[in-house]
Amino acid sequence: RSTSPAMEAMEDGLEAAILQQERLVMCSELESFLKTDVPHLLKQSISFLEAAIHRMRCVSVDTDLNGEPFLVDRASMVFLESSDRELVGSLRLSEGHVNDFDINLRLPKYSKGTNLHFSIAPKSSHLLIQVQAAIHDAERSSDEVAKASTIRAATASLPPPTSPSSSAARLSSLAATARQVIRSCAAAKRLLDLSRRHMEDWKPLVLPSTPHGWIRMDPPLPSDLLLQVYMDGGQCVLRLFHIQVHNKAPFGKAHAVVGAAASKLKGTVMPHKTRWIEVVDAYEARSDVAEMHRALNDLESARQSLDCLIDSAEALCAAVSHEIVLSGADA
């Protein structure tokens, strides 16, 4: 059955009108997402990241009489005690450093029950490398989120569509902006995950043969004792090792396994420079640090906000790509 040229033209015009309407609807959805949802989720993410950074630094934000913000030191006091009370310590966490550190040792096999007391050297502190690294990556993550906010703001300057060609161009521009936001948010999420790993996956780096976590005391610890402080998630961990140094690997001794509990390191050996360290005994004390637990919760909340944004943006961009493919096929 033949169709008249006038009918074909009318059908083509109707299809073009439907396509134009679909583009306008998609433009409206993308624009609403970029102007409403994205700013809300980005602001939420930055808020959580800033809270996490302040908690890891053990500071809070206050305002002076003029309403200007300033940081207040909220140092966390931590008290640690091993289950057998052979290792007891106290310290203050502030700005990623250990301060005011004291320990008491009562090791039957080492000092025959005599109480040994050591303090950190006066006017000195010990840097917790992992906390500093976590803060650094959280700050970089916040910068990427701020970058996404700048990209999103560019949509305000796009002119409204006035024709089929301009609606297609606007749809492509909005989708391109959404993809840039996705890239920045994905970069922010990777940095955020790095920050979490610094706090949660540090245990493999704290074998006695590695310098991370070492802390010098006054009076100096005996040369056959090694002391370490580090964070295991939201817990502060204090480890003490009684060691012997050998020129050759002791026969029949198992090698230390990275990430092993202190009790599993007892009796193991590990290389250190040109010699070998044997762990004669190992002691561990740990304590929850409320601010560090809250910081990890804030990082997780920021991640959830970014996940929500990325998932929504990817779904919209996929719909736009599908629309463009169909438009091309129709053309």
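Helices, as counted here, are DSSP runs of H or I with at least four residues, and strands are runs of E with at least two. On that basis, the protein in this predicted model has six helices and twelve strands.

Good morning, colleagues. Allow me to begin with the chain as a whole. The protein has 331 residues, and 44% of them are buried. The area that the protein exposes comes to about 17300 Å², and carbon and sulfur atoms account for 54% of that area. As for contacts between residues at least 6 apart in sequence, 66% join residues that lie at least 24 apart.

I turn now to the interior. Which residues of the largest nonpolar core touch the most other members? They are L93 and F101, in a core of 69 residues. The element that gives the most to this core is helix α1, residues 5-57, which supplies 13 residues.

F101 deserves a moment of its own. Leaving aside residues up to four places away in sequence, F101 touches S90, L91, F118, S119 and I120. The list continues with I215, M217, L227, V229 and L238.

There is also a second core, separate from the one just described, with twelve residues. Among them are L226, I243, A260 and A282.

Finally, the cysteines. How many disulfides does a search of the whole structure find? The search finds zero. Is C58 buried or exposed? C58 counts as buried because its relative accessibility is 1%, and the cut-off for buried is under 20%. C317, with a relative accessible area of 6%, is therefore buried by that cut-off as well.

Thank you for your attention.

Conventions: Residues numbered from 1 in each chain as written. Predicted model: local features only at pLDDT ≥ 70, side-chain atom pairs only at ≥ 80, totals over all residues. Heavy atoms only, no water. Buried < 20%, exposed > 50% of the residue type's maximum accessible area, 1.4 Å probe, protein only. Contact = heavy atoms within 4.5 Å. Areas by Shrake-Rupley, 256 points an atom, 1.4 Å probe, with all protein chains shown as cover. Disulfide = S-S within 2.5 Å. Core = buried A, V, L, I, M, F, W, Y, C linked by side-chain atoms within 4.5 Å.
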